[in-house]
Amino acid sequence: MEHPIRIMATTAALLVGGVLTAGCAAPEPLPEVTQGARPTSAPATVSTEPQAPKDAKAAAPSGASLGGPGTACALPVSFALAEKWKAEAVEDPENPEFAALTRQGPATVRCEVDAKPAGHVGYLRVWTAEKGPARAALEGFMKAEEKATAVTYRETKAGALPATEVTYTVANEAMGDPKDERAFAVSTPKGTVIVHLGGLDTAEHRAMLPAYELAKSTAKAL
């Protein structure tokens, strides 16, 4: 198991170098209220017929599962991983020495699922927060993302669980263009879980959407 400073410092180095922060297309908005870069807690409009983004219509082949007993990361939820994606727990994420890398708002990163074995440059990252509304945790997570713009929330489902999803773009000074990112959050009796998808650039992000949608559609509270 890699030490967290090696896992997360590598991520930080990629971000600083622009490897994970380039983009080339405008985001595909979700059909809910669009906020500014610092979202507020405005009432949500419930979507009764959530739909996957057009980019994610092709189903991702299912591989291992994550979150349950015997899996790479112990989580309050379980979900299916896309084939060849490799999960690894972040070691000692509560260590204050690594807080700048392992915390974002109210959430602490617990697991990284690497897409490189499947031929993509990016990660699914799983974060946890204290028990409470999923929307509030996701808004707190986004308030800590200072470079986010075009932030859009909607109420949806993750498996059978009520969920809040956000799409946004992140500025990238190194490459010059913003890139798409998104995350969904669910509340469980064991805490709130946020599953985030980034990527090298918007093209990679959209290529990885089937894996993200697979995780979202198969989520179950444990």
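Glu 165 is buried, as is Arg 154; buried means under 20% relative accessible area, exposed over 50%, partly exposed in between (1.4 Å probe, protein chains only). The model is predicted: local features need pLDDT of at least 70, side-chain atom pairs count only at pLDDT 80 or more, and totals for chains, interfaces and linings use all residues. Residues are numbered from 1 along each chain as its sequence is written, and side-chain values use heavy atoms, without hydrogens and water.

**Exercise 1.** Place the salt bridge between Glu 165 and Arg 154.

*Solution.*
- Apply the criterion: a side-chain nitrogen of Lys or Arg within 4 Å of a carboxyl oxygen of Asp or Glu.
- The closest N and O atoms of Glu 165 and Arg 154 are 3.2 Å apart.
- Glu 165 sits in strand 8 (residues 161-170) and Arg 154 in strand 7, eleven residues apart. Helices (H or I, at least four residues) and strands (E, at least two) are DSSP runs, numbered from the N terminus.

**Exercise 2.** Find what the salt bridge of Arg 135 with Glu 155 ties together.

*Solution.*
- The closest N and O atoms lie 3.1 Å apart.
- Arg 135 belongs to helix 3 (residues 134-143) and Glu 155 to strand 7 (residues 148-158), so the pair ties together parts 20 residues apart in sequence.
- Arg 135 is buried at 15% relative accessible area. Glu 155 is buried at 14%.

**Exercise 3.** Is Asp 180 buried or exposed? Locate its salt-bridge partner too.

*Solution.*
- The partner is Arg 206, with the closest N and O atoms 3.3 Å apart.
- Asp 180 lies in strand 9 (residues 179-188), Arg 206 in helix 4 (residues 202-207).
- Asp 180 is buried, at 2% relative accessible area. Arg 206 is partly exposed, at 22%.
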